[in-house]
Structures are given as C-alpha cells and as structure tokens.
Amino acid sequence: MEEIREPKDLPSVEELVKHLEPLQLPRPLLVEAARSSIQEMRNQILKRLHAPEASSNSEGEISFLRLVERAKQFIDIWTRSWPVKVINATGVLLHTNLGRAPLSKAAVEAMVNAAGYCDLEMDIESGERGHRDKHVADLLVRLTGAEAATIVNNNAGALFLTLSALAAGREVIVSRSQSVEIGGRFRIPDVMAQSGAFLKEVGTTNRTYASDYQNAISESTAALLVVHRSNFRLIGFVHDPSLSEIVEIGRLYNLPVIHDLGSGALVDSSMFGLEHEPMVQESVSAGVALTLFSGDKLLGGPQAGMIVGRGEYVARIRSHPLFRALRCDKVTLAAMHATLMHYLRGEEQQAVPVLWMLGRKQVDLYSTVQSWKSSLLDCGDGFEVKESVSKVGGGSIPEIPIASVALVIDPSRWNLSADELAYKLRTGDPAVVGVVEDDKIWLDARTVMPEEGPLLVQAVRRSLLLRD
Ligand SMILES: *Cc1c(COP(=O)(O)O)cnc(C)c1O
C-alpha cells in the first residue's frame, strides 16, 4: 500500500465510501465517516509537512488502507449500543454517575413485561379506561398509611408540581436553614420561583423557631414547606421546630404542610448502623399534608418522585396541567410497582439491592475480597485486601462512612499508572469502575453483586495482562 504524503494524494470521499458499502449502513453515515477520516489524515499530513521535527512518526504511515480502517473505527464508535453495563466497585451505593439505585430482578422483569403492550391504562377486569398511576398509588397508600398517592418523573418534579398546583402566585414559608441546594442545581429558591410561588424565608441559618413560621403567616400564605437537609448537617448552636410543631401551626391557620423528604426511606436506616433518616411513614403520621420523596435513593427503585398525603391535595396535583408533563412512563411504573411489592411482602432487605448491600457484613466482604485475591494470584503480586469506606451517596445521608473491604491493586507492579489501569478497567468488558487513591486502584466489594465477582476478577486479569 502506497504511503500518502501530500493532501493532493488523499482519496476522494466517494472512493472511500465505496470501501465502506459492504457494511450495509445508510449512505450519510458512510459519507460522514469517510469525511472524518480524510479530514483527520489531512491534518496529520499538514502537521508533518509544516513541522516535521515536532510530529514524530509514531502515528504511523498514512495509506488508503489506514483511511478505510479509521473510517470504520468512526462508524464503530457511532453505532455502539448504549448504555454500557458497569460493575460498580466504588463502594458508593447510590452513585449518581452510575445510575443511582440498581434495580431488583423482579423490577427488571416487570420492565420487560411493560415494554410491549400492557394494561397500562386499562382495567383488565372491566375493559374500561384506568389511570396509569393507580397500581403504584395503591401500594404507596398501603405502605405509608397516607390517604392518597401519585407518582411523577422525579422528586424535583414532584416539588415543582406540588408548589405549582398549591401555591402559584402565593407565598410559601421555608426556614432559612432549609432553603438549600441538593445537587445538580436543585435549589429550593429556584424551584420555588419557577413554580410561580413566592419564597418567604423565616428564622436564621442556624436557628428557627415555631414562632418564626407563625409570625410570617399572612393572607397570601399558601403553604409551609419543610425540606430535609439531605446531604449536609448543621451542628452546634442550632434549632429547628419539630415536624409536629409545624403541623400544629398549619392546623391552626388551615395551611397545608409540604414535606420534601428527599431520600424517602420506607425502612429504618439505623438498622444498618446509619443515622436514622426520616421515614415516609413518620412524616405521614405526623399529619403532614403532602410528603414528597425520590424513587431511586434509599427506596431502591427507578427514578421517580412520589407524592403521598391527603386526598384533596393529591387530587389537585393530579388535575394540574403539569401533571401530564411530568408523568412517568410505563417502564418506570412497572419497575416501581415491583420494587414497592418487595416492601409489601416484607422481603425488601433481601430483594432490594440497595438495602441488601447496606446490610452486608464486613466479615463477609472480607472473605469475598480474599477470594478475588486468591483467584488473581497467577497475575502477579500486587494485590492487598484492605479495609475501606463505602458511602450511601446520591445526595442522601451525608458522607457517613460505612466500614467496607476493598481489593487494592498497585498498578506499578505491572508498569501501569493508576489512571492507565482505571482507564483499562473502565473500558474493559465488563466495564469496572473503582476508585483511584494513593496511586492505587481500590475495588470496594460492598457494591459488587455476588454474581458479578467472577466477572470483576476476569476484567482485572485482562486489564493487567493484556497489552494493547
Ligand atoms: C434528592 C432530593 C431532591 C431531588 O430528588 P430527585 O428525585 O433527584 O429529583 C429533592 N429534595 C430533596 C430534599 C432531596 O434530597
């Protein structure tokens, strides 16, 4: 194959496309790949011509064959399926970048059932039209003790919709210590402004009293909003009125209390040795008008925003025009139904992956990592079993460390940098994401499901032994 040294010797797009036709893909895609390949090689040629000393020949000789190969590479990248399954060895249970809560097997099956035609909005018994949120709402009512329930796209949407439906053009009272940013630009003042409600902050950053709420109530007050400080804590000289005190004020002035719970635990997080996260049932029984929470945080389901509370308010939310814009699709509803069903059956601690992972004992994690290490002994000597720290993550319970165990790999034993090994693991098959610390790779066992163990070991072996 002849080397191409000058731009004028580059083939035409058409010539290149001819060699891509066997791929049997739409012509515009082939043309774009051919153009991209030619463009890239032209730039390389120009660089070599203008600054021969700066451009080493390490990029190799440019030939027609190489142009074809590069065009095929472009097509490969563009037609790759997405998303890629990842083994989460970060120890962060609700890893936002890795999709927050992994779903249970039953939830995945339900999603498959929903994918085709299903009884989304049809009552199978009568053949009549039904509501898509009915089945999930029924479960939420049963599990939380609320009068009514519904579900939307996410908790940010739930709060936005609730404020729009109940408080547009009027005031909502919030403690200064709860006018917070949760992450991903979700800020209480901004959501409030978008909903058309007016934020009335009361109290101070560290101390707010029941009387502050009371003094702020006026003709134009529509609701009192309580926001759970999900991802940070105030300590020291602080005061917040209790939820029941605020509910009492609401009752006195006939105002609904809206409680944005964030994580929305349906089980007591203290049984995992964590701080007690306020539970949905507690919020409901305190007499809050509406409780809002996420589906994909501690609940362990798909992305969704749950709204539970008094019937009249839920009805107003459901009839608001934005409800349609924020409603969940059938696949999400199916996954949420299956997830809530685990709670109804009392099997959530085994069946909901997030809860199961939280409950894993450090001694068991230790033997898991020991077994990973033993199966990797043939790769060389650069593995250690070390105590590590898992986190809940996902903007729920703040960075509270959970004792865990990790396989720590020293990549220098294989002449790799930590970043190089992290890259190989990330782009391997299956993809493995760990944590780089002290020039080593930490693979935390807590977030790796048992059936993923052998795959992880295989991926590590390949990353260390295969050279590219
Ligand atoms: C996480 C969180 C939200 C946002 O929930 P999404 O389901 O991610 O939209 C809102 N409010 C609080 C208090 C939260 O913790």
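In this predicted model, the ligand is surrounded by 13 residues, and the closest of these are Ala156, Ser230, Asp260, Ser294 and Lys297. Divided by class, the shell around the ligand comprises 3 nonpolar, 7 polar and 3 charged residues. Polar side-chain atoms approach oxygen atoms of the ligand from several residues, among them Ser230, for which the separation is 2.5 Å, and Lys297, for which the corresponding distance is 2.8 Å. A further contact is made by Arg100, a polar side-chain atom of which lies 2.9 Å from an oxygen atom of the ligand. Taken on its own, the ligand has 380 Å² of accessible area, of which 93% is covered by the protein. Two or more residues of the shell around the ligand are contributed by each of α6, which spans residues 155-167, and β8, which spans residues 257-262.

Arg100 also has a notable backbone conformation. Most residues other than glycine have a negative phi, and most peptide bonds are trans. Arg100, although not a glycine, has a positive phi of about 50°, and this residue is found in the loop between β1 and α4. Thus the residue whose side chain places a polar atom 2.9 Å from an oxygen atom of the ligand is one with a positive phi.

Cis peptide bonds are found at two further positions, each involving a proline. The bond that joins Trp82 and Pro83 is cis, with omega at about 0°, and Pro83 is placed in the loop between α3 (64-78) and β1. The peptide bond from Asp429 to Pro430 is likewise cis, with omega near 0°, and Pro430 lies in the loop that runs between α17 (418-426) and β13 (431-433).

The open space of the protein was examined next. The largest pocket holds about 1100 Å³ of space and is lined by 35 residues, of which Leu98, Gly99, Ala101, Pro102 and Leu103 lie nearest its centre. At least two residues of this lining are supplied by each of β1 (86-88), α4 (105-115), α14 (348-351) and α15 (353-358), and α4 gives the most, with 4 residues. In terms of residue class, the lining of the largest pocket is made up of 20 nonpolar, 9 polar and 6 charged residues. The lining also draws on more than one domain, in that at least three residues come from domain 2 (86-95 + 356-465) and at least three from domain 3 (105-351).

For the second largest pocket, the volume is about 460 Å³, and the lining consists of 23 residues, with Gln178, His228, Arg229, Asp240 and Pro278 lying nearest the centre. Elements that give two or more residues to the lining of the second largest pocket are β7 (221-227), α9 (243-253) and α10 (280-285). The residues that line the second largest pocket divide by class into 11 nonpolar, 7 polar and 5 charged.

Enclosed space was considered separately from the open pockets. Rolling a probe the size of a water molecule over the atoms shows where empty space is left. When the whole structure is searched, 1 cavity of 30 Å³ or more is found, and the largest cavity contains about 30 Å³ of space. The lining of the largest cavity is formed by Gly264, Ala265, Leu266, Val267 and Ser269, together with Leu298, Leu299, Tyr343 and Leu355. By class, these lining residues are 7 nonpolar and 2 polar, with no charged residues. In contrast to the lining of the largest cavity, where charged residues are absent, the lining of the largest pocket includes 6 charged residues, and that of the second largest pocket includes 5.

Conventions: Residues numbered from 1 in each chain as written. Predicted model: local features only at pLDDT ≥ 70, side-chain atom pairs only at ≥ 80, totals over all residues. Heavy atoms only, no water. 1 Å grid on protein atoms, 1.4 Å probe; cavity = no way out; pocket = protein on both sides within 12 Å on 5 of 7 lines; lining within 4 Å. Points joined across faces, edges and corners; volume = space filled by probe spheres on them. Nonpolar A, V, L, I, M, F, W, Y, C, P; charged D, E, K, R; others polar. Domains from an automatic or database assignment. Near = heavy atom within 4 Å. Polar contact = N/O pair within 3.5 Å; in protein donor to acceptor, adjacent residues only side chain to side chain. Areas by Shrake-Rupley, 256 points an atom, 1.4 Å probe, with all protein chains shown as cover.
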